[in-house]
Amino acid sequence: MFKRNPDKFRHNLKKYQTKLGCGVYRINNLLENKSYIGSSAYLLPKLFQHFNKKFKGASNQTMQNDMRRLGHQWFSFEMLEHCKPEDLRIREQFWIDTLKPFYNDVNAIKKEIKKTT
């Protein structure tokens, strides 16, 4: 459907990017009770990126490997919080500290926040 009219696809993608907005999300592994917390200024492309079976440049290889091993149908996407782009990292770290997700490397984000403040 979108291959016939790429301009319409781009227009719809921009419309949904702004509708879904900017914020912090969680991806849940429903079989093994593990989760990943991330943030993005454009949530829809990030969602597509995480759930793309062919995507190999993932920031979290452990979760991507589990998605390939178990199947994408056993993972869910959950919106935790909408926020401003400048607050993304701080809010993401708050949720990581609160929920302690299995797939996140907590120290990497904390180091990045300390460098920017």
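This is a short talk on strand β1, its two partner strands and a pair of cysteines.

What we have here is a predicted model, so please take every value as computed from it.

I'll start with the strand. β1 covers residues 23-29, and 7 of its 7 residues are buried. On one side of the pairing list is β2, residues 34-40, antiparallel to β1 over 7 bridges. The other entry is β3, residues 75-82, which also runs antiparallel to β1, joined by 7 bridges. Asn 29 shows up in both pairings: Lys 34 stands opposite Asn 29 in β2, and Phe 75 stands opposite Asn 29 in β3.

The hairpin of β1 and β2 has 4 residues between the strands. Within that hairpin, Asn 33 takes a positive phi near 55 degrees.

Now Arg 26, which sits in β1. Is Arg 26 buried or exposed? Buried, with a relative accessible area of 18%. The Arg 26 side chain makes a polar contact with the side chain of Asn 28, at 3.3 Å. Leaving out residues up to four places away in sequence, Arg 26 touches several others, among them Tyr 36, Ile 37, Phe 77, Glu 78 and Leu 99.

Last, the cysteines. How many disulfides does a search of the whole structure find? The count is 0. For Cys 22, the nearest cysteine sulfur belongs to Cys 83, 4.9 Å away. The cut-off for a disulfide is 2.5 Å, and at 4.9 Å the sulfurs of Cys 83 and Cys 22 are too far for a bond. Both residues are buried: Cys 22 has a relative accessible area of 11%, and Cys 83 has 15%.

How values were computed
Residues are numbered from 1 along each chain as its sequence is written. This is a predicted model: local features need pLDDT of at least 70, side-chain atom pairs count only at pLDDT 80 or more; totals for chains, interfaces and linings use all residues. Side-chain values use heavy atoms; hydrogens and water are left out. Buried means under 20% relative accessible area, exposed over 50%, partly exposed in between (1.4 Å probe, protein chains only). A polar contact is a pair of N or O atoms within 3.5 Å; within protein, one must be able to donate a hydrogen and the other to accept it, and residues adjacent in sequence count only if both atoms are side-chain atoms. Contact means heavy atoms within 4.5 Å. Two strands pair if DSSP finds at least two bridges between them.
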